Structure formats: structure tokens, C-alpha cells
Amino acid sequence: CALPISGRVSVLRLPSWVVAWGDNSGGQTNAPNNLADAVAVAGGDYHSLALRHNGTLIAWGYNGDGQTTVPTNSLRFVSIAAGAAHNLAITENGSLVAWGRNDYGQLNIPSAATNNVLAVAAGDSHSLALLGSGTAVAWGDNSLGQTSVPQGLSGVRAIAAGREDSLA
């Protein structure tokens, strides 16, 4: 008997700062000075993303595919993930928002992942979501089987995405 999984995400943490280093060929390590309120960060190939204490997002670096053009939302964001040139964010009601490059459908959120999303992960050109039911949903590039979630997979508690692989 599988128990339903629920989660609580909070962006009400103490203030912190973002420090970035390494390859800066896209400006991805030029963190804005006004980030004393970041509670989460994510890094793509040539861009970076931060979730602020108040539930808003800020992105910087290369924007050739719209990956740093942050969407506005009436709901606060509570979690983020960055792929190579796309991003995912969960809102406070468990819905999912995606933006950036969409050459393999990595932004085309499947109906199964439109609400009750607990966690997200983003690979090179694929995306994953962990649902409150303890199942994982994946979409986008499947050229190496990275979005082929094993049949019957349940009880998932965490997800991650590599460049062209997925984990649960």
C-alpha cells in the first residue's frame, strides 16, 4: 500500500547572498548585487537563476533562448531548476512554469504535471517533475531514454536530472 506523499516548501528563510565563480563566458557568474534575499539558486549552461525570499525570481547571463526572461506570476515561486537553456519553477499552489529554449519540448508541461508538483529537475533538453502522488513525470528530449520513466515507478521521494539522464 503506497502512502500519499506530501511536502511543504517554504521560502521564508533568513537572508543570504549569492556568490558565483568559474566560467563566465555568458555572464552567468555576474550575480546581481541586489541578491541578499536569495533562498535558492540554479545554474544552466550559460545562465543562472535565483529564487528570492518573497517568491520572485531573478535570472542573469546569456539570454539567447529567453532563459533569463523571467515570467511574472500572481503566485509566489517556491522552487526552481535550470537546464542547459531552460528553467522550471514551482508556484506556491504546486503548479509549474517553464521558459527558455524549447527545441525538444522541454517546456511543454504534460497535463499530469500541471498541479501538485513537489520538485523539479532539468537536464540538457529534458524536464522532470515529482508529483504529490509519489510518481515522476518526464518530458522533452528522449533520444537516450532520459524521459522514459520506468513503468510502475512509485514512492518517489526525490528527483534529479543529469545532462542526458534522470534519477529518482
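## A salt-bridge network, two sheets and two cores

At 22% relative accessibility, arginine 101 falls in the partly exposed class. In this predicted model, arginine 101 is a handy place to start, since two salt-bridge partners can be followed from there. One partner is aspartate 103, where the side chains meet with an N to O distance of 3.2 Å. Aspartate 103 is partly exposed too, with a relative accessible area of 46%. The other partner is aspartate 124, and here the closest N and O atoms are 3.8 Å apart. This second pair links distant parts of the chain, as arginine 101 sits in the loop between E6 and E7 while aspartate 124 sits in the loop between E7 and E8, 23 residues apart.

Is aspartate 124 buried or exposed? With a relative accessibility of 13%, aspartate 124 counts as buried, because the cut-off for that class is under 20%. Aspartate 124 also meets the side chain of arginine 163 in a salt bridge, at 3.8 Å from N to O. Arginine 163 belongs to the loop between strand E10 (160-161) and strand E11 (166-167), and aspartate 124 to the loop between E7 and E8, so this pair ties together parts that are 39 residues apart in sequence. Arginine 163 itself is exposed, its relative accessible area being 53%. Put together, salt bridges with shared partners join Asp45, Arg101, Asp103, Asp124 and Arg163 into one network. The count of salt bridges comes to 6. As a general point, side chains of opposite charge can pair when their charged atoms come close.

Next come the sheets. One is an open sheet of 3 strands in the order E1-E2-E3, with antiparallel pairing. Strand E1 (38-43) and strand E3 (57-61) are at the edges with a single partner strand each, so one side of each has no neighbour in the sheet. From one strand to the next, the twist averages 20 degrees. E1 and strand E2 (residues 47-52) run antiparallel and are joined by 5 bridges. Within that pairing, valine 41 has alanine 50 in E2 as its bridge partner.

Another open sheet of 3 strands follows the order E4-E5-E6, again with antiparallel pairing. Its edge strands are strand E4 (77-82) and strand E6 (96-100), each of which pairs on one side only. Neighbouring strands here are turned by 20 degrees against each other on average, direction ignored. Strand E5 (residues 86-91) runs antiparallel to E6, and 5 bridges join the two. Across this pairing, alanine 89 stands opposite valine 97 in E6.

Serine 95 lies in the loop between E5 and E6. Its relative accessible area is 17%, so serine 95 is buried. Which side chains make polar contacts with that of serine 95? Threonine 91 does so at 2.5 Å, and asparagine 93 at 2.8 Å. Beyond its neighbours within four places in sequence, serine 95 is in contact with Ala89, Ile90, Thr114 and Asn115.

Then there is the nonpolar interior. The largest nonpolar core has 13 residues, of which Leu88, Leu96, Ala113, Val117, Val120, Ala129 and Trp139 touch the most other members. At least two residues of this core come from each of E4, E5, strand E7 (117-122), strand E8 (126-131) and strand E9 (136-140). Which strand gives the most to the core? That is E7, with 3 residues. Valine 120, leaving aside neighbours within four places in sequence, is in contact with Ile80, Ala81, Leu88, Ile90, Leu96, Leu128 and Ile159. Apart from this core lies another, of 12 residues, among them Ala42, Leu51, Leu57 and Ala89.

Two further residues round out the picture. Most residues other than glycine have a negative phi. Asparagine 116, however, has a positive phi of about 60 degrees although it is not a glycine. Asparagine 116 is in the loop between E6 and E7 and counts as partly exposed, at 45% relative accessibility.

Glycine 27 is in the segment before E1 and counts as buried, with a relative accessibility of 14%. Not counting residues up to four places away in sequence, glycine 27 touches Trp60 and Gly61. The C-alpha atoms of glycine 27 and glycine 162 are separated by 22 Å, the two residues being 135 residues apart along the chain.

Key: Residues numbered from 1 in each chain as written. Predicted model: local features only at pLDDT ≥ 70, side-chain atom pairs only at ≥ 80, totals over all residues. Heavy atoms only, no water. Pairing = 2+ DSSP bridges. Helix = DSSP H or I, 4+ residues; strand = E, 2+ residues; numbered from the N terminus. Axes fitted to C-alpha atoms, helices over the stretch in contact; angles between N-to-C directions. Buried < 20%, exposed > 50% of the residue type's maximum accessible area, 1.4 Å probe, protein only. Polar contact = N/O pair within 3.5 Å; in protein donor to acceptor, adjacent residues only side chain to side chain. Contact = heavy atoms within 4.5 Å. Core = buried A, V, L, I, M, F, W, Y, C linked by side-chain atoms within 4.5 Å. Salt bridge = Lys/Arg side-chain N within 4 Å of Asp/Glu carboxyl O.
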